[in-house]
Amino acid sequence: MSQTDNIFSQPLDKVDSFSFDQQVVQVFPDMIKRSVPGYENIINSIGMITQRCAVDNSNLYDLGCSLGAATLSMRRGLDEKTGCKIISVDNSSAMVESCQQHIKAYKSDIPVTVLQDDICNIKIENASVVVLNFTLQFLTPEKRLSLLTNIYQGLLPGGVLVLSEKFIFNDATNNQLLVDLHLDFKRSHGYSELEISQKRSSLDNVLISDTVEQHYARLQQAGFKHNDLWYQYFNFGSILSIK
Ligand SMILES: Nc1ncnc2c1ncn2[C@@H]1O[C@H](C[S@+](CC[C@H]([NH3+])C(=O)[O-])CC(=O)[O-])[C@@H](O)[C@H]1O
Ligand SMILES: O=C(O)C(=O)Cc1ccccc1
């Protein structure tokens with residue numbers, strides 16, 4: 001069972017840069033549910049998108065899989081398909097170890113391979129569904145276009161990318177309100193002002209958000225012509241891109 005996230009609850013002399021280490025792994029399901037508006041809806045919908053968009057004898061990728069929540073949802077969506085394989089990738093060794101245990105705990109005949117690697121090193125091939133669920137925002141901005149280009153090239157015609165992110169907004173007034181509403185969401189899930197502010201410092205220069213427009217422009221540069229938001233909750237949301 002996941003423990004309660006109290007990583008930032010005590011005053012820290014120095015707030016280190018956020019990292020997906022063992023301490024974060026232990027509280028991760030609790031942390032992400034209490035911090036990301038709509039996370040559970042997105043996870044469930046990834047299963048539905050998979051059910052509709054996956055094709056027989058193709059590969060599905062969960063890039064930045066953490067503990068495999070999206071992987072498990074994709075696998076549930078593959079019930080009626082044959083010959084599909086899921087490849088789940090994360091560069092955190094603590095995440096990958098725990099992800100492997102988590103996936104083993106649920107019996108299924110659909111093969112899942114969990115790899116510890118940088119998602120920038122993975123060749124995407126014969127793919128019908130690729131998921132980047134809150135992962136692209138942790139890559140340095142210079143690496144984002146080449147990853148999306150690799151994904152585009154590895155997708156089958158009609159294949160889909162689900163790209164979920166924390167956004168910023170060009171309109172400063174709207175941006176401030178959506179940021180404040182996200183902070184209220186965290187407060188309503190029991191985070192204190194100290195926890196909120198220490199976590200914000202630790203994410204500085206680690207989680208770098210783009211606007212929805214920047215995402216669309218980059219997706220188009222990578223080759224995707226069909227890009228739209230299918231979900232938004234405050235400053236968090238998810239884009240569906242079709243090859
Ligand atoms: N270059 C990289 N290569 C591989 N993995 C990376 C890289 N950079 C970051 N990660 C990994 O991306 C994940 C981001 S969390 C994803 C949630 C999950 N998708 C979920 O649906 O539960 C999002 C969040 O915590 O906000 C972490 O596990 C990192 O180790
Ligand atoms: O907690 C936040 O403020 C976030 O932006 C989301 C988040 C969730 C889990 C790990 C890192 C960031």
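Visitor: At roughly what angle do the axes of helix α5 and helix α8 cross, and within what distance do they come?

Guide: In this predicted model, the axes of α5 (residues 144-154) and α8 (residues 212-222) cross at roughly 50 degrees and come within 8 Å.

Visitor: Why are α5 and α8 called oblique to each other?

Guide: Angles under 35 degrees count as roughly parallel, and the roughly perpendicular range is 65 to 115. The crossing of α5 and α8, at roughly 50 degrees, belongs to neither class, so the two helices are oblique. The handedness of this crossing is right-handed.

Visitor: Which residues of α5 meet which residues of α8?

Guide: On the α5 side they are Arg 144, Leu 145, Leu 148, Thr 149 and Tyr 152. Their partners in α8 are Arg 218, Leu 219, Gln 221 and Ala 222. By class, the residues of this contact are five nonpolar, two polar and two charged.

Visitor: How do you know that α6 and α7 are oblique rather than roughly antiparallel?

Guide: Helix α6 (residues 172-188) packs against helix α7 (residues 193-203) at an angle of about 130 degrees. Roughly antiparallel requires an angle over 145, and roughly perpendicular ends at 115. About 130 degrees meets neither condition, and α6 and α7 are therefore oblique. Their axes are 10 Å apart, and α6 passes α7 in a right-handed crossing.

Visitor: What makes up the contact of α6 with α7?

Guide: Leu 183, Lys 186 and Arg 187 come from α6, and Glu 193, Ile 196, Lys 199 and Arg 200 from α7. These residues divide into two nonpolar, no polar and five charged.

Visitor: Where else do Lys 186 and Lys 199 appear?

Guide: Both are among the residues around ligand 2, whose surroundings also include Phe 18, Met 31, Lys 166, His 182 and Phe 236.

Visitor: What makes the approach of Lys 186 to ligand 2 a polar contact?

Guide: A polar side-chain atom of Lys 186 is 2.7 Å from an oxygen atom of ligand 2. The cut-off for a pair of N or O atoms is 3.5 Å, so this pair qualifies. A polar side-chain atom of Lys 199 is also placed 2.7 Å from an oxygen atom of the ligand. For Lys 166, the corresponding distance is 2.7 Å.

Visitor: Which atoms of ligand 1 lie 3.1 Å from Asn 91 and from Asp 118?

Guide: A nitrogen atom of ligand 1 is 3.1 Å from a polar backbone atom of Asn 91. For Asp 118, an N or O atom in the side chain is 3.1 Å from a nitrogen atom of the ligand. An oxygen atom of ligand 1 is 2.9 Å from a polar side-chain atom of Asn 133. In total, 21 residues surround ligand 1, and Asn 133 is one of the closest, along with Tyr 39, Gly 64, Ser 66 and Asp 90.

Visitor: Why are α1 and α4 called oblique?

Guide: The axes of α1 (residues 22-35) and α4 (residues 93-104) cross at roughly 45 degrees and come within 8 Å. Roughly 45 degrees is not under 35 and does not reach 65, so α1 and α4 are oblique. The crossing is right-handed. Gln 22, Val 24, Val 25 and Phe 28 of α1 contact Ala 94, Met 95 and Ser 98 of α4. They divide into five nonpolar, two polar and no charged.

Conventions. Residues are numbered from 1 along each chain as its sequence is written. Chains are lettered from A and ligands numbered from 1 in the order in which they are written. This is a predicted model: local features need pLDDT of at least 70, side-chain atom pairs count only at pLDDT 80 or more; totals for chains, interfaces and linings use all residues. Side-chain values use heavy atoms; hydrogens and water are left out. Axes are lines fitted to C-alpha atoms, for helices over the stretch in contact, and angles run from 0 to 180 degrees between N-to-C directions. Helices (H or I, at least four residues) and strands (E, at least two) are DSSP runs, numbered from the N terminus. A crossing is left-handed if the near helix is turned anticlockwise from the far one by less than a right angle, and right-handed if clockwise. Contact means heavy atoms within 4.5 Å. Ala, Val, Leu, Ile, Met, Phe, Trp, Tyr, Cys and Pro count as nonpolar, Asp, Glu, Lys and Arg as charged, and the others, Gly among them, as polar. A residue is near a molecule or strand if one of its heavy atoms lies within 4 Å of it. A polar contact is a pair of N or O atoms within 3.5 Å; within protein, one must be able to donate a hydrogen and the other to accept it, and residues adjacent in sequence count only if both atoms are side-chain atoms.
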